[in-house]
Amino acid sequence: MVKSALRIAHGGCSKVLFWYENSTFFHNSQGHNNIWKNVRLLTTKQFVPPRNPFGIAFDIDGVLLRGREPIGRAPESLARLYKDVKNAELQVPYIFLTNGGGMTESARAAELTRLLGVPIAAQQVLLGHSPFMSLSHRFKSKRVLSVGKGAVDEVLASYGFRKVVKIDEYVEEFDSIDPLESYKPWVKQSKSSRDILMPSSDQKISAVFVCSDPVDWGRDLQVLCDVLRSGGLPGKAESESPQPPLFFAADDLEYQAKFPVTRFGMGAFRLALETLYKEVVGHPLAYHSYGKPKAVVYKLAENSLQHVAKLLNMKHGKPLTSSEKVLSSHLESATVGEVNEEHCALKTIYMIGDNPETDIAGAIGVGRPWFSILVRTGCFREPENHPLYPADKVVEDVYEAIDFIAQNEGIKLS
């Protein structure tokens, strides 16, 4: 067996962990990497914390990336938070807090590592649909519908949902449910014709999860109205069954992509669905939405950042792509060692974002220890602070934000 060590240079709860490892990674039937299978903690060496431990939460789109391209000196900004990037020795704990999604936290961490050039672990990534983890026990054995771009079925499966069907596959169970399908050359015309029958009970949808921005709005709006108005069994206009629960991972009206003008987000899709549903059914759509600026998301982020400060799961400069089950447990409880909570509690959490109505409004709503910093590289481009959701600090870009944080905390960053 190999003896390994991980140094966490965060002053708030800096420590060195030693353990023996054997077959640290293994794959389950779903192909997800699991970690800490055979990890045995030997000892910890506690270091003296500084006066004011702090952490940082970064939005991604419009702050660090525009599309898949880094914005300005974003990679250099993140590298400054490491004492040694090559060896993944972090001196300032940070996480990513985004309303985006469509892939697992592990996959997004690996992607961010490639795009931004620093080692990033799954425990540092909170996506719009990350709170769906807490709902898996409620719908674990029930059939649920996943909606949105990317591998949204894999996302829910990684959270513990056992019966997930992606909307792209669900529409294939019903002839002619999408009346415009023949005009879509990208759709596989592989279904055999059959008489339209009422769906069997095993086709019933118990809940709908919009995990990321839908791609085919026309089809998805039609199918979701069918599912929701029929009690989960498309094929009949009205039903005495209650509307299946509907969950949105975020509610952004717009977001900053590669195009110079902001694009419609999941909130715009929700508005369209809500309007159509009420017009057709005659009563309001019932739904639950997550994502920034919801307070629950900032509390989850605060908890996650505290754990990153205690134990950042990195090794040899490479991110540990933990399974989302492990990520969930890390978000809820400390995993290793005893920690002095009074010393390790972060006194300030800096939220760096580009959208006043989500990033900044959420930080304002939850209050201290959150401190909001608004950048001008995304949705916000105005010379003065936002009138409705004024940030604690307005800067040009993320590099200037890190400069401000270093000065405010009295530390030196490269």
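Colleague: Which residue stands opposite Tyr-350 in E23?

Modeller: This is a predicted model, in which local features need pLDDT of at least 70, side-chain atom pairs count only at pLDDT 80 or more, and totals for chains, interfaces and linings use all residues. Residues are numbered from 1 along each chain as its sequence is written, and side-chain values use heavy atoms, without hydrogens and water. Strands are DSSP runs (E, at least two residues), as helices are (H or I, at least four), numbered from the N terminus. E22 (residues 348-353) and E23 (residues 370-375) pair in the parallel sense over 5 bridges, pairing requiring at least two DSSP bridges; the residue opposite Tyr-350 is Phe-371.

Colleague: Which strands stand at the edges of the sheet, each with a single partner strand?

Modeller: The open sheet has 6 strands in parallel pairing, in the order E12-E11-E6-E22-E23-E24. One side of each edge strand is left without a neighbour in the sheet, because each has a single partner; these are E12 (125-126) and E24 (393-395).

Colleague: Which helix supplies the largest share of the largest nonpolar core?

Modeller: A nonpolar core is a set of buried (under 20% relative accessible area, 1.4 Å probe, protein chains only) Ala, Val, Leu, Ile, Met, Phe, Trp, Tyr and Cys residues joined through side-chain atoms within 4.5 Å. The largest has 41 residues, and Leu-273 is among those with the most contacts inside it. Elements that each supply at least two residues include H4 (152-158), H6 (217-229) and H7 (266-281). The largest share, 6 residues, comes from H6.

Terms used:
Buried means under 20% relative accessible area, exposed over 50%, partly exposed in between (1.4 Å probe, protein chains only).
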